[in-house]
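Trainee: Could we go through this structure together? I'd like to see how each label is earned.

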Amino acid sequence: MDDCIFCKIIKGEIPCNKFFEDEKFIAFLDIHPVAKGHSLIIPKEHFVWMQETPDDIVSDAFVLSKKIMNKMLQGLGVDYVQVSVVGKDVPHFHIHLIPRKLADDIHSHQAVKYEEGEVAELINKLKD
């Protein structure tokens with residue numbers, strides 16, 4: 001994709017703070033971190049959404065995520081690493097790894113309430 005910012009990063013057209021690269025992926029620090037060490041893992045091949053990405057690439061991306069998460073736990077003194085796959089801001093499948101402390105207040109989400117009958121309807125839509 002000629003206009004994809006992540007594809008431009010992969011090609012070296014846009015600089016990044018890269019700390020991992022192999023034949024399939026690169027990992028680098030997020031340019032707008034919500035915590036110090038907030039990183040992105042992206043496949044070198046362009047796919048917009050995770051559900052469009054081949055299973056082997058998705059699997060390998062999460063195995064790599066686990067390795068990097070362990071490095072973050074050891075090296076950054078954090079309690080856990082939040083994993084997020086959104087894809088809304090940059091149309092290129094990527095995984096966010098966000099180092100976290102149990103006491104921080106990043107990404108507070110408000111709970112929603114289901115209307116009468118909505119739970120059964122959702123379950124039916126999600127069943128095989």
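Trainee: Why is Asp30 called buried?

Mentor: This is a predicted model, and in it Asp30 has a relative accessible area of 13%. Buried means under 20%, so Asp30 earns the label.

Trainee: Where is Asp30 found, and which residues does Asp30 touch?

Mentor: Asp30 is in the loop between strand E2 (25–29) and strand E3 (39–43). Leaving aside residues up to four places away in sequence, Asp30 touches His38, Ser39, Leu40 and His96.

Trainee: What makes the pair of Asp30 and His32 a polar contact?

Mentor: A polar atom of the Asp30 side chain lies 2.6 Å from the backbone nitrogen of His32. The cut-off is within 3.5 Å, so this pair fits.

Trainee: And why does Leu126 count as exposed?

Mentor: Leu126, in helix H3 (residues 118–126), has 71% relative accessibility. Exposed means over 50%, so the word applies to Leu126. Leu126 also helps make a nonpolar surface patch of about 500 Å², together with Tyr114, Val119, Leu122 and Ile123.

Trainee: Now the cysteines. Why is there no bond between the sulfurs of Cys7 and Cys4?

Mentor: The sulfur of Cys7 is 3.7 Å from the one in Cys4, its closest cysteine sulfur. A disulfide needs the sulfur atoms within 2.5 Å, so this pair is too far for a bond.

Trainee: What about Cys16?

Mentor: Its closest cysteine sulfur is also in Cys4, at 13 Å, and therefore too far for a bond. By this rule, the count of disulfides is zero.

Trainee: Are Cys7 and Cys16 buried or exposed?

Mentor: Cys7, at 7% relative accessibility, is buried, while Cys16, at 28%, is partly exposed because its value falls between the two cut-offs.

Notes. Residues are numbered from 1 along each chain as its sequence is written. This is a predicted model: local features need pLDDT of at least 70, side-chain atom pairs count only at pLDDT 80 or more; totals for chains, interfaces and linings use all residues. Side-chain values use heavy atoms; hydrogens and water are left out. Helices (H or I, at least four residues) and strands (E, at least two) are DSSP runs, numbered from the N terminus. Buried means under 20% relative accessible area, exposed over 50%, partly exposed in between (1.4 Å probe, protein chains only). Contact means heavy atoms within 4.5 Å. A polar contact is a pair of N or O atoms within 3.5 Å; within protein, one must be able to donate a hydrogen and the other to accept it, and residues adjacent in sequence count only if both atoms are side-chain atoms. Patches are made of residues with over 30% relative accessible area and no salt bridge: like charges are joined within 9 Å, nonpolar side chains (Val, Leu, Ile, Met, Phe, Trp, Tyr) within 5 Å. Accessible areas come from the Shrake-Rupley method with a 1.4 Å probe; for residues, only the protein chains shown count as cover. A salt bridge is a side-chain nitrogen of Lys or Arg within 4 Å of a carboxyl oxygen of Asp or Glu.
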